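Hi everyone, thanks for coming. I've got one structure to walk you through today, and I'll keep it short.

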Amino acid sequence: MAGRPGVLAVKGRHPGVTGNSTREIGGVRTATVIATPAQTIDRTMLAVVEEVFHVFWLARHPSFRPNELARYVYPVDDVENLGRLIAEDEALARAIEAQPLADAAGWAAAALGIRRDRVSTLAEDVRAYETSLEMMEGTANYVARVSVGEPASRTVERLRAPRPAEEIRWRFYDTGAALCLLLDRLSPGWQARSDRQPALTIVELMGEALRARGVAAAGFPEAETELFQARAAATIADLGVRRQRLRAELGERRGGRVVVEIAAGAEPLRVQRFDPINLMVLDAGAIAHANYLSLSGPQGSVELTNPGFVRGSFGGTVGVTEAAGRHPLSDGVRRLTIAGIQGAPTVGGAGGTVSLEAPGVRLTLLGAEAHVEGALIRIVVKSPRS
């Protein structure tokens, strides 16, 4: 780039740049950001610093890698857990706002105490997911916010902002950043120690700082605790309504419909590729996939890409997977429903093989049979013993 030594430019978008993330490009871990004219400079710079920091973090702190599959078994409809999360967020917000250091320490101790009680009821994989998210995403957001000069009050606003129950992942971006901001006051120089001891968590660092100060935890009056629980109950009730509404809408959606069922005794299909952001976990181990999905197994494969995908929407061609076991994805898929197919699917195959093609849908399955019932095509993959 003329006038910018060391800056290289290429016309168009590099194929490795698909979003705000990190990718291996030319054998080098690289930060990638997509900036649009609608974004402010500060918002773009937040993303740039966050992703560049991820490159550093992934090389230096290998202990913390969030298992994204744990997100889909997170107890988002647990009122008690959500009520305590809201209380923990408020305690962290008050700690950041407090001017006397003793008050900041008291509310930080309150947040850690609430967390200790809360996580004791969570499964180990869920606890590890929370910790890893805070360590990877919380630290990166802290660095980005400090680098662009964002006031700590913005983190307080994020902690207090209402959040849909299913958006639990992004909650730990803010709690992690909040803990880092508080460590700046309660344990100056904590970053150097974290770099020397990369297995230490920011919660452990905070606990040490508070014990060294002999801090007594602040507390919420009972009336506030009841308000937190009431807010949690309302948030979860809203999630239930939206889940039911989406289920009903997909059941009535116009267009073609394909149902793939794996018979008892047959190997379930395994998830190969899916969009981890644009989906909704429903009830009974079901997930609605708004963007793309690919499944495969000994019987063949299914590819789904929504031609009408719009971020934040479940319009167009949507797939609903139903789990073969406890986990909605990692234990395999026993049933797949694809709704809203535009155009008449082409069905073929011979000798126990079923193939189907439609806009956004392609599948080939062995040992299967297809039944056409108007706009519904039902494909059953039979057990090898049948």
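I'll start with the whole chain and then go through some individual residues.

So, first off, please keep in mind that this is a predicted model. The chain has 386 residues, and 44% of them are buried. If you're looking for secondary structure, you'll find nine helices and 15 strands. Put a box around the C-alpha atoms along the principal axes, and that box is roughly 75 × 60 × 35 Å.

How do the contacts spread along the sequence? Take the contacts between residues at least 6 apart: 66% of those join residues at least 24 apart. As for the surface, the accessible part comes to about 18700 Å², and carbon and sulfur atoms account for 55% of that. And charges? I get 45 positive and 44 negative side chains, with the centres of the two sets 5 Å apart.

Okay, on to the aromatics. How many aromatic pairs turn up in a search of the whole structure? The search finds seven. One of them is Phe53 with Trp57, and that pair is tilted, with 5.8 Å from centre to centre and 35° between the planes. Have a look at helix α1, residues 41-60: both of these residues lie in it, four residues apart, which is about one turn of the helix. Are they buried or exposed? Phe53 has a relative accessible area of 15%, so it counts as buried. Trp57 is at 3%, so it's buried as well. Phe56 joins in too: Phe53, Phe56 and Trp57 form one aromatic cluster.

Now compare that with Phe220 and Phe228. Their ring centres are 5.0 Å apart and the planes meet at 85°; since anything over 60 degrees counts as edge-to-face, that's what this pair is. Both Phe220 and Phe228 are buried.

While we're on rings, there are a couple of arginines to point out. Arg94 lies over the face of Trp107, 5.0 Å from the ring centre. Arg169 does something like that with Trp170, lying over the ring face at 5.9 Å from its centre.

Next, a charged residue: Glu130, in helix α4, which covers residues 124-147. Where does that side chain end up, buried or exposed? Glu130 is buried, because its relative accessible area is 3%, and the cut-off for buried is under 20%. What does Glu130 touch? Leaving out residues up to four places away in sequence, the list is Tyr74, Arg118, Val119, Leu122 and Phe172.

Let's move to the loops. Ala284 is in the loop between β5 (279-281) and β6 (286-289). What's odd about its backbone? Ala284 isn't a glycine, and yet it has a positive phi of about 55°. Ala284 is also exposed, with a relative accessible area of 77%.

The other loop residue I picked is Pro100, between α2 (79-97) and α3 (101-119). With a relative accessible area of 43%, Pro100 is partly exposed. If you want to get your bearings, go from Pro100 to Pro221: that's 121 residues along the sequence, and 21 Å in space between the C-alpha atoms.

That's my tour. To recap the aromatic part, we had a tilted pair in Phe53 and Trp57, and an edge-to-face pair in Phe220 and Phe228. Thanks, and I'm happy to go back to any of these on the screen.

How values were computed: Residues numbered from 1 in each chain as written. Predicted model: local features only at pLDDT ≥ 70, side-chain atom pairs only at ≥ 80, totals over all residues. Heavy atoms only, no water. Helix = DSSP H or I, 4+ residues; strand = E, 2+ residues; numbered from the N terminus. Buried < 20%, exposed > 50% of the residue type's maximum accessible area, 1.4 Å probe, protein only. Contact = heavy atoms within 4.5 Å. Areas by Shrake-Rupley, 256 points an atom, 1.4 Å probe, with all protein chains shown as cover. Lys, Arg positive; Asp, Glu negative; His and termini not counted. Charge placed at Lys NZ, Arg CZ, Asp CG, Glu CD. Phe/Tyr/Trp six-rings, centres within 6.5 Å; stacked < 30°, edge-to-face > 60°. Lys NZ or Arg CZ within 6 Å of the ring centre and 35° of its normal.
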